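Colleague: I am new to this structure and would like a close look at how its helices pack and what lies at its core. Could you take me through that part slowly, in one connected account?

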Amino acid sequence: MDLTCRYRPRNACCLTAAFALRCHGHRRHTRRAGIAGVARRLESTHAIVIGMRFLLLMMLPLVALIAASPAPPVRGVHLMAPAAEDVPLAARFIREALPKEGVNVLVLEFDYHYRFTRRPEVAESDALSPDDVKVLASACKDAGVRLIPEIDLLGHQSWEKATGGLLRAHPEFDETPGKYPLNQGIYCRSYCPLHPRVHDVLFDLIDELADAAGADSFHVGMDEVFLLGDDDCPRCKGKGKAELFAQEVIALHDHLARSKRTMWMWGDRLLDGESTGFGEWEASINKTHGALGRIPRDIVICDWHYERALPTLEYFAVQGFGVLACPWRRADVALNQLDAIRRVRSHATEAISNRMQGVLQTTWAGIAPFARAYFGQSDPGGTAPSGNIVESLACFRALFSELRAMDGR
Ligand SMILES: [Zn+2]
């Protein structure tokens, strides 16, 4: 019996199909035999078929277990890219810790911390070199981990008083140029998605970073966008926010599709924060959620909720998207989200079950301080890990322990 069929892990039907093919092949072989041997061969064939049926019956419980396996395929962690001096530590963490914990996806958020050769003006002063990223990519390859780079796009173009590399180098792309001096009174700046030259730059950044990382997917962020369709933007004024948001999602998606890469994004702007009571952070109250029906279904939605296990995984899956649960610091929330994945993967239709792809644990920590906390090392300054790292590490350990238990590890 050939159990190496590529469908074996998730489709019990293939076992039946494999048997059918083999039995069919055997019958054809029997027909080619001489007439004198037909009776004996038929008898032999019959015995083989009976034997196979017996074996199949014996394996049915295993087959059923495989078919209904609630263990999701994506087990990811999200971390911020390291500083150059911490690349060796990050590589060690990837090689030693991630396979041991059962992590198979690493979303590493670079933003503009990469020395882009085509757009060098955008790089931050402490940007990683192509060789640094090659070291990280090589460690991921050795560890059997998919490396998915992220640049947080559209929103998150500033943090507190610091404006990020894109708008610092290209202030003409700012959605609200001249407004909010020192970024006061806003959460983060946004770029204008309708600026005629913004995508030429963004696409170069995406391509260069994805190529350096050897990535088959790219995370474009797009969370917590509050400045969009500003009344003072000559291009966006008067346009619907759902339309603007959807157009930008489609533009980024279609560009990635040209290099056969899958787009990942945060899901919060696609949820209605008012009717659900989710609020303005983990969902939208500025009408961007209307974009949900207009965007391609092959985008992977990273559905972050940190305080409660909301029924949004199921919602995105029913809407046609692959979806990942993204907890942060609370193990009880993470395990409840995993329970939802397990339940749906066990009981829903195959189409819905397959869209519940797994987890992407967020940490909101750099990979180096997270690794030091994981290995029990103190920071270079001798300071203890932050409360955030302690909590997100505890959540990480609890979640991945449960995932390994689902695999019998
Ligand atoms: Zn605009």
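Modeller: What follows goes through two helix pairs, then the nonpolar core, and then one residue in a loop. Please keep in mind throughout that this is a predicted model.

Let us begin with helix α3, which covers residues 87-101, and helix α11, which covers residues 367-375; their axes come within 9 Å and cross at roughly 55°. That angle is the reason why α3 is described as oblique to α11, and the crossing of the two is left-handed. On the α3 side the residues that meet the partner are L89, A90, F93 and A97, while α11 brings I367, A368, A371 and Y374 to the contact. Sorted by class, the residues of this contact are eight nonpolar, no polar and no charged.

The second pair consists of helix α9, residues 331-347, and helix α12, residues 387-406, whose axes also come within 9 Å but cross at roughly 25°. Because angles under 35 degrees count as roughly parallel, α9 and α12 are therefore roughly parallel to each other. The crossing of α9 and α12 is right-handed. Here A331, A334, L335 and L338 of α9 meet A394, C395, A398, L399 and E402 of α12, and this contact divides into eight nonpolar, no polar and one charged residues.

From the helix pairs we can turn to the core. In soluble globular proteins, nonpolar side chains tend to be buried together. In this model the largest nonpolar core has 108 residues, and those with the most contacts inside it are I94, L106, L136, L147 and C302. Helix α6, residues 198-213, gives the largest share of this core, namely nine residues. If we take L106 for a closer view and set aside residues up to four places away in sequence, we find that L106 touches G76, V77, L79, I94, L98, C140, V145, L147 and I148.

Finally, consider R261, which lies in the loop between α7 (241-258) and β7 (262-266). Is R261 buried or exposed? The answer is that R261 counts as partly exposed, because R261 has 18 C-beta neighbours inside 10 Å, whereas a buried residue would need 20 or more. R261 and A210 are 51 residues apart in sequence, and their C-alpha atoms are 9.0 Å apart in space. Leaving aside neighbours within four places in sequence, R261 is in contact with A210, A215, D216, S217, F218 and L256.

Notes. Residues are numbered from 1 along each chain as its sequence is written. This is a predicted model: local features need pLDDT of at least 70, side-chain atom pairs count only at pLDDT 80 or more; totals for chains, interfaces and linings use all residues. Axes are lines fitted to C-alpha atoms, for helices over the stretch in contact, and angles run from 0 to 180 degrees between N-to-C directions. Helices (H or I, at least four residues) and strands (E, at least two) are DSSP runs, numbered from the N terminus. Angles under 35 degrees count as roughly parallel, over 145 as roughly antiparallel, 65 to 115 as roughly perpendicular and the rest as oblique. A crossing is left-handed if the near helix is turned anticlockwise from the far one by less than a right angle, and right-handed if clockwise. Two residues are in contact if their C-beta atoms, placed from the backbone, lie within 7 Å. Ala, Val, Leu, Ile, Met, Phe, Trp, Tyr, Cys and Pro count as nonpolar, Asp, Glu, Lys and Arg as charged, and the others, Gly among them, as polar. A nonpolar core is a set of buried Ala, Val, Leu, Ile, Met, Phe, Trp, Tyr and Cys residues joined through C-beta atoms within 7 Å. A residue is buried if 20 or more other C-beta atoms lie within 10 Å of its own, exposed if 12 or fewer, and partly exposed in between; C-beta atoms are placed from the backbone.
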